[in-house]
Amino acid sequence: MLRNGPQGYGTVTKLLHWLVFTALAVQFAIGYVMDPDDSGHGRGRGRGRGEGSGHGRGRGRGGEDGYEVFGDEGLLTLHVVLGVTILVLAALRLLWRVTTPLPPWAPSLRPYERVLATWTERALHLLTFAIPATGLWLVAAGDEGAVGPHVATHIAFVVALTLHVGLVLKHQLLDRDRLLSRML
């Protein structure tokens, strides 16, 4: 079954869900291991290199101070390419979400859990765009002022994801109603 239906989520919804999850997990891992300097802060966390720190990634200028998309900074290039890929996946997922009806609510979800599920889904969809968009802003502008918004999107994402996973785990481990199987 490709589309969502009364029996549950369809293959396309599941595939897009898990592709976005995997891409974001890899993206976070790469972002936090990129080229750490002696202080323990990597460029992936808003640090430039040496003198002129914070000015080393902008505008595709190339040369010693600039970031070239396909230059010698392999992890940063992978991070940028994966960010663009996440934006494309997010757009496809959102398009699929608005054109494909959801299956009925799991009968075991209480009304407050349905509200929580709705709002965490909305937040996660929004943040799937906001995280890579702020990252691309950081790379394109080479502006340390973009670090704050990029980090803020990460924090918001972790909060929303924790609520989302917490709800699923509550149903899986405590209620034992196999809610997770709907998305597997």
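## Aromatic pairs in helix 1

Trp18 and Phe21 sit three residues apart in helix 1 (residues 11–33), about one turn of the helix. This is a predicted model, so everything here describes computed geometry. Trp18 is partly exposed, at 32% relative accessibility, and Phe21 also falls in the partly exposed class, at 43%.

Further along helix 1 come Phe28 and Tyr32, a stacked aromatic pair with 6.4 Å centre to centre and 25 degrees between the planes. These two are four residues apart, so about one helical turn separates Phe28 from Tyr32. Their surroundings are worth a look too: Phe28 is buried, with a relative accessible area of 19%, under the 20% cut-off, whereas Tyr32 counts as partly exposed at 39%.

How many aromatic pairs are there by this rule? The count comes to three. Back at Trp18 and Phe21, the ring centres are 5.5 Å apart and the planes stand at 80 degrees, so that pair is edge-to-face. Phe28 and Tyr32 also join Phe157 in one aromatic cluster.

## His154 and its surroundings

His154 belongs to helix 4 (residues 147–174). Is His154 buried or exposed? At 11% relative accessibility, it counts as buried.

Which residues does His154 touch, once neighbours within four places in sequence are set aside? They are Phe28, Tyr32 and Ile131, so His154 meets both members of the stacked pair. Seen from the other side, and again leaving out neighbours within four places in sequence, Phe28 is in contact with Ile131, His154 and Phe157.

## A charge over a ring

There is also an arginine to look at. The charged end of Arg122 sits over the ring of Trp119, 4.7 Å from the ring centre.

## The nonpolar cores

The largest nonpolar core has 19 residues, and the members that touch the most others are Ala23, Leu24, Phe28, Leu82, Ile86, Leu89 and Phe157. Helix 1, helix 2 (74–99), helix 3 (111–141) and helix 4 each give two or more residues to this core. Apart from it lies another core of five residues, including Ala106, Leu109, Ala117 and Leu167.

Phe28 and Phe157 turn up again here: both are on that list of core residues, and both belong to the aromatic cluster with Tyr32.

## Helix 1 up close

What does helix 1 bury? Its buried residues are Thr13, Lys14, Leu16, His17, Val20, Ala23, Leu24, Gln27, Phe28, Ile30 and Gly31. They pack against helix 2, helix 3 and helix 4.

As for length, the 23 residues of helix 1 should span 33 Å at 1.5 Å a residue, and the end C-alpha atoms are indeed 33 Å apart, which agrees.

## Helices 3 and 4

Helix 3 has 31 residues, which should span 45 Å at 1.5 Å a residue; its end C-alpha atoms lie 44 Å apart, which agrees. Where is helix 3 kinked? The kink, of about 25 degrees, is centred on Leu127. After helix 3 comes Gly142, with a positive phi near 60 degrees.

Helix 4, with its 28 residues, should span 40 Å at 1.5 Å a residue, and the end C-alpha atoms are 39 Å apart, which agrees. Its buried residues are Val147, His150, Thr153, His154, Phe157, Ala160, Leu167, Val168 and His171. Which helices do the buried residues of helix 4 pack against? They pack against helix 1 and helix 3. Arg176 follows helix 4, and its phi is positive as well, near 55 degrees.

## The chain as a whole

Stepping back, the secondary structure of the protein chain comes to four helices and zero strands, giving the pattern α-α-α-α along the sequence. The chain has 184 residues, of which 39% count as buried.

How do the contacts divide by sequence separation? Counting contacts with a separation of 6 or more, 62% are between residues 24 or more positions apart.

Notes. Residues numbered from 1 in each chain as written. Predicted model: local features only at pLDDT ≥ 70, side-chain atom pairs only at ≥ 80, totals over all residues. Heavy atoms only, no water. Buried < 20%, exposed > 50% of the residue type's maximum accessible area, 1.4 Å probe, protein only. Contact = heavy atoms within 4.5 Å. Phe/Tyr/Trp six-rings, centres within 6.5 Å; stacked < 30°, edge-to-face > 60°. Lys NZ or Arg CZ within 6 Å of the ring centre and 35° of its normal. Core = buried A, V, L, I, M, F, W, Y, C linked by side-chain atoms within 4.5 Å. Expected span 1.5 Å × (residues − 1). Bend = angle between axes of the 7 residues up to and from the residue.
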